[in-house]
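Please open the model in a viewer and keep the selection panel at hand. The tour below proceeds from one selection to the next and states what is to be found at each stop.

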Amino acid sequence: MSRFKYSVGPWNVHEGADAYGPEVRDSIPFEEKLKKFKEIGFDAVQFHDDDAVPNINNYTEEEIKVEAAKVKALLDKYGLVAEFVAPRLWFDPRTVDGGFCSNSAEDREYAMWRAYRSIDIARVLGCDKIVLWLAREGTLCYESKSPVDNTNRLVEAINKMLDYDKDIKIMIETKPNEPIDRSVCPTLGHAMAISAASKDPSRVGGLLETAHAMLAGLDPASEIGFALAMGKLWGVHLNDQNGMKYDQDKSFGVENLRAAFNQIKVLMENGFGENGEYIGLDVKAMRTEKQEGSYQHLINSLKIAKALEAKAEKFDYDFQKKCVAERDYEKLELYVMELLMGL
Ligand code: XUL
Ligand code: MN
């Protein structure tokens, strides 16, 4: 029995297209995904604004709320809830140079429109969290933007969202690169600083994705611990990553088992979830997977996460204290490896 509640996004079940080749699996209708998520054992669903309201640009503000209400009814039907809504600010031609930090004032306006609509959708779906994954905020050409302006524009945009809804909470999902080169918010340290610079730091926190921390050359459990110490870790995207290359979104724990164990362990030790937080997955099936395997990476990730919860339950803190007192970290390290290997 898991102590955590788990969440997943509809984009985690996808057709397998990548930058070098087209779809290899059929699309699965949204409602079918929801049904399957519940069956697999998920409690909550993560949304982009246009996951909830496809073709969002074609609707008025009121129509968007009506469309969102249909999604809420579907969530209710399957006993699921919404965890957050994230504005997708990297698809539309108006976001080609970024959203909140674009050099075009008109495009920055559009980004704000998407942010406000995301808040509206979140409210209809019954959640109070917005995720900002700042896909194109930063620079490809360094001299094209000032890093100072970029940072100030991000704070300004967040302040406007905080003003728009007095109860909404914003989680910054950090990532150092891809698709942008020099991201405005590469690590949780940056996210915490943006929070502190905002008009209401109590409503601006962070979401840590395993793969993104690894792309920054950082240890995900330590990033998680840092934000927990600040009282500002409100979400995670657990997955895995083989080294510092393109964002792989592999199943949780399949490449770096000990690092995965330590992510679960630090979350458990610090009561993550006690204030309604979810353990979110952000995983992608391999392109080689056949249609029947469209959900296998989700099933595998949940199985591994829960198995690591059980390992963390077994962790012998007395033995750890003894090793620490003796400063015998070789002994402690071997103990952890034996625990994970079941020896
Ligand atoms: C991109 C990524 C996104 C966010 C949501 O790397 O992780 O899917 O999680 O916008
Ligand atoms: Mn993510």
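**Salt bridges**

Begin with R94 and D92, whose side chains meet in a salt bridge with an N to O distance of 2.9 Å. The model is a predicted one, and every value in this tour is computed from it. Colour the pair by accessibility: R94 is partly exposed, with a relative accessible area of 35%, whereas D92, at 10%, counts as buried.

Next, select helix α3, which spans residues 61-77 and holds both K65 and E62. These two residues form a salt bridge in which the closest N and O atoms are 3.5 Å apart. They lie 3 residues apart, about one turn of the helix. K65 is partly exposed, at 31% relative accessible area, and E62 is exposed, at 51%.

Move on to helix α4, residues 105-125, and display D120 and R117. Here the closest N and O atoms of the salt bridge are 3.0 Å apart. Because D120 and R117 are 3 residues apart in this helix, about one helical turn separates them. Are D120 and R117 buried or exposed? D120 counts as buried at 8% relative accessibility, and R117 counts as buried at 3%.

Now select D49, D50, D51, R88 and R114 together; salt bridges link these residues in a network. A search of the whole structure finds 29 salt bridges.

**A buried glutamate**

Side chains of opposite charge can pair when their charged atoms come close. The next stop shows a charged residue without such a partner: E83, in strand β3 (residues 81-86), is buried yet has no salt bridge. Which side chain of opposite charge is nearest to E83? It is that of K129, 6.3 Å away; a salt bridge requires the nitrogen and oxygen to be within 4 Å, so K129 and E83 do not form one.

Select S7 next, since its side chain makes a polar contact of 2.7 Å with the side chain of E83. To complete the view, show the residues that E83 touches beyond four places in sequence: S7, A44, V45, Q46, C127, K129, W234 and Y278.

**The surroundings of ligand 1**

Centre the view on ligand 1 and display the residues around it: W11, H48, W90, W133, E173, K175, E209, H212, H237, D247 and D282. Three distances to oxygen atoms of the ligand may be drawn. A polar side-chain atom of H48 lies 2.7 Å from a ligand oxygen. For D247, an N or O atom of the side chain is 3.0 Å from an oxygen atom of ligand 1. For W11, the distance from a polar side-chain atom to a ligand oxygen is 3.5 Å. On its own, ligand 1 has 290 Å² of accessible area, of which the protein covers 92%.

**A buried leucine**

Finish at L188, in helix α6 (residues 188-197). L188 is buried, its relative accessible area being 0%. Which residues does L188 touch, not counting those up to four places away in sequence? They are I172, T174, G206, L207, L208, E223, F226, A227 and L233. For a last distance, select the C-alpha atoms of L188 and F226: the two residues are 38 residues apart along the chain, and these atoms are separated by 7.7 Å.

Terms used. Residues numbered from 1 in each chain as written. Chains lettered and ligands numbered in written order. Predicted model: local features only at pLDDT ≥ 70, side-chain atom pairs only at ≥ 80, totals over all residues. Heavy atoms only, no water. Helix = DSSP H or I, 4+ residues; strand = E, 2+ residues; numbered from the N terminus. Buried < 20%, exposed > 50% of the residue type's maximum accessible area, 1.4 Å probe, protein only. Lys, Arg positive; Asp, Glu negative; His and termini not counted. Polar contact = N/O pair within 3.5 Å; in protein donor to acceptor, adjacent residues only side chain to side chain. Contact = heavy atoms within 4.5 Å. Near = heavy atom within 4 Å. Areas by Shrake-Rupley, 256 points an atom, 1.4 Å probe, with all protein chains shown as cover.
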